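This briefing is meant to be read with the model open beside it. It goes through selected features topic by topic, beginning with the charged contacts.

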Amino acid sequence: MADYNLIGRKFEIAELERLYNSDKSEFLAIYGRRRVGKSFLIQEVYGPKMAFSTVGIYYRKEDKPDLRYRQEQLAHFYESLLQYGLSSKADKPTSWREAFRLLRLLLEGKDNARKVVFLDELPWLAGPQSSEFVAELGFFWNSWACQQRNIVLVVCGSATSWMLDNVIRDYGGLYSRLTMKMLLRPFSLGECEQYYQKKNFHFSRYEMALAYMILGGIPYYMDMLRNDRSLTENIDSIFFGNPNIKREFEDVYIGLFSSSDRYIDIVLALGSQTYGMTRSEIAKRLNMSSGGGLSVMLDNLEQSGIIRNYPRRGTKRKETVYQLVDFFSLFYLQNLYKSKNSGGGWGALQRSPKFFAWAGITFEILVQQHINQLKDALRIGNVTGCYCWHSQSDANSGSQIDLVIEWHGERTDYICEIKFSENQFIITADYRQDLLNKISAFMASSQHIKSHSVLLVMITTMGLKTGSHSDCVNKEVTLDDLFA
């Protein structure tokens, strides 16, 4: 593997190199949350190998009528063709059919080496009336590029719903034509640590976790951090001292989806219920049908990594709960959206009740986002299910288990309690009894498989303080384990 200027991304780099070294033409669609580093990844791995690259320009529809929008995109496409060697004698295209004909002409004029074609921000390139563009892209691939055996066509976009509907799940000219799709996810905690080390930050792992719970491992936001400032100063600068922070929050969704207002409404609803809502609860809150339209929007948000769905068991019937897990959005909604905290910033909030309420739920999400590292720390293999559990018994009504991991291979259920703490976590006599009550209620419930044993796992930031009441814990996982 070549030496790239990239943190992590080992799997993605290996796949990109595999596509480049194959003996046939390849068609890759890469998508993911805005600011996650899609374009940078492609440019870093394929940059010197590019035979052609262009990027769509974002315009608000109200600022550019459809015809004018297309003319602007075609003009930029033509300028890119000239930049990569097309003769200036070629007429400027007035349609996407002509534009792709010129692209073919450009590529045919190059040698027979492997040729990478990169169409960045594809949804913006296609524009509001995208059917013509998609049809011509499909024709370009089906009628010529796939037959050349030396083309690597890469399409990229942050507008996840558009990418899913028009490329990845398209039933027209692009149906089953992709040879690979790649969802680029945020950095893990371990990758963030590599980034901080490379950039000469000397954060503790506790502060790295706090930064993750705020910025979410998104490279663009991490690049805003300065190593001559404390984490508190950095967060004040990015959020509390930033007059454009509301616009940045909205741009995440404008860049991801058409009809962004409805998506923002869903995110605002989920942001007000940090443990999540069922689809019917979301529909009732937003006064909309719980049918197909809402299902599509929820699926698009999930595909983008903005929300997750998880099973909540122990109720009269198993429920699917949707939860906001985009850390940047969570932090903004909890601490700045309609907030009365105009002064003091992040420094004033830290160690306050509001801070620990936010940190408690956000640390749970962080653990959920590092479920593979958690499984490795517990040394467990293939897992059948992970879910949240609520007791419905009269004696333990309202009792909740943060995470249950079923391991059928060893007939064991891991009962995971997740606790955020600035120092070692102390189990008191009352809390010990609460833990034992949860275990008893779970083992007595219909959810528990009676042949399974139960192990109580404490997952904490800074570890568990050994004391007279900590003997009920069977296994311990700390923040360090999640950096693996």
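A salt bridge here is a side-chain nitrogen of Lys or Arg within 4 Å of a carboxyl oxygen of Asp or Glu. The model is predicted, and side-chain atom pairs count only at pLDDT 80 or more. By this rule the count comes to 20 salt bridges, and some of them are described below together with a sheet, a helix pair, a buried helix and a loop residue.

**Salt bridges between distant parts of the chain**

- R33 forms a salt bridge with D326, and the closest N and O atoms of the two are 2.7 Å apart.
- This pair links distant parts of the chain, since R33 belongs to the loop between β1 (26-31) and α2 (38-46), whereas D326 belongs to the loop between β7 and α16 (327-335), 293 residues apart. Both R33 and D326 are buried.
- R97 and E136 also meet through their side chains in a salt bridge, at 3.3 Å from N to O. Here the link is between two helices, with R97 in α4 (residues 96-108) and E136 in α6 (residues 131-148), 39 residues apart.
- The surroundings of these two partners can be read from their accessibility: R97 counts as exposed because its relative accessibility is 59% and the cut-off for exposed is over 50%, whereas E136, with a relative accessible area of 11%, is buried.
- A further salt bridge joins the side chains of E422 and R351, at 2.7 Å from N to O. E422 sits in the loop between β10 and α20 (429-444), and R351 sits in the loop between α17 (345-349) and α18 (353-369), 71 residues apart.
- In this pair E422 is partly exposed, with a relative accessible area of 26%, while R351 counts as exposed at 55% relative accessibility.
- E193, R205 and D480 are linked with one another in a network of salt bridges.

**The seven-stranded sheet**

- An open sheet is formed by 7 strands in the order β7-β6-β8-β9-β10-β11-β12, and the pairing within this sheet is mixed.
- The edges are held by β7 (319-324) and β12 (475-478), each of which has a single partner strand, so one side of each is left without a neighbour in the sheet.
- On average, neighbouring strands of this sheet are turned by 35° against each other, with direction ignored.
- Within the sheet, strands β9 (residues 400-407) and β10 (residues 412-419) run antiparallel and are joined by 5 bridges; E406 stands opposite D413 in β10.
- Helix α15 (residues 292-303) lies across β6 (307-313) and β7, and runs at about 110° to β6.

**The buried helix α1 and the strands β1 and β5**

- In helix α1 (residues 10-20), the buried residues are E12, I13, E15, L16, E17, L19 and Y20.
- The elements that cover the buried residues of α1 include β1, α2, β3 (115-120), β4 (151-157) and β5 (180-183).
- Two of these elements, β1 and β5, run parallel and are joined by 4 bridges, and the bridge partner of L28 in β5 is M180.
- Strand β5 has a covered face, made up of M180 and M182, and an uncovered face, made up of K181 and L183.

**The crossing of α13 and α14**

- Two packed helices are described by the angle between their axes and the distance between the axes.
- For helix α13 (residues 260-271) and helix α14 (residues 279-286), the axes come within 10 Å and cross at roughly 115°, which makes α13 roughly perpendicular to α14.
- The crossing of α13 and α14 is right-handed.
- On the α13 side, R262, D265, I266, A269 and L270 take part in the meeting, and on the α14 side I282, R285 and L286 do so.

**The loop residue M224**

- M224 lies in the loop between α10 (219-222) and α11 (231-240), where M224 is partly exposed with a relative accessible area of 34%.
- Leaving aside neighbours within four places in sequence, M224 is in contact with N234 and I238. The second of these contacts, I238, is 14 residues from M224 in sequence and 7.3 Å from M224 in space, C-alpha to C-alpha.

Notes
Residues are numbered from 1 along each chain as its sequence is written. This is a predicted model: local features need pLDDT of at least 70, side-chain atom pairs count only at pLDDT 80 or more; totals for chains, interfaces and linings use all residues. Side-chain values use heavy atoms; hydrogens and water are left out. Two strands pair if DSSP finds at least two bridges between them. Axes are lines fitted to C-alpha atoms, for helices over the stretch in contact, and angles run from 0 to 180 degrees between N-to-C directions. Contact means heavy atoms within 4.5 Å. Buried means under 20% relative accessible area, exposed over 50%, partly exposed in between (1.4 Å probe, protein chains only). Angles under 35 degrees count as roughly parallel, over 145 as roughly antiparallel, 65 to 115 as roughly perpendicular and the rest as oblique. A crossing is left-handed if the near helix is turned anticlockwise from the far one by less than a right angle, and right-handed if clockwise.
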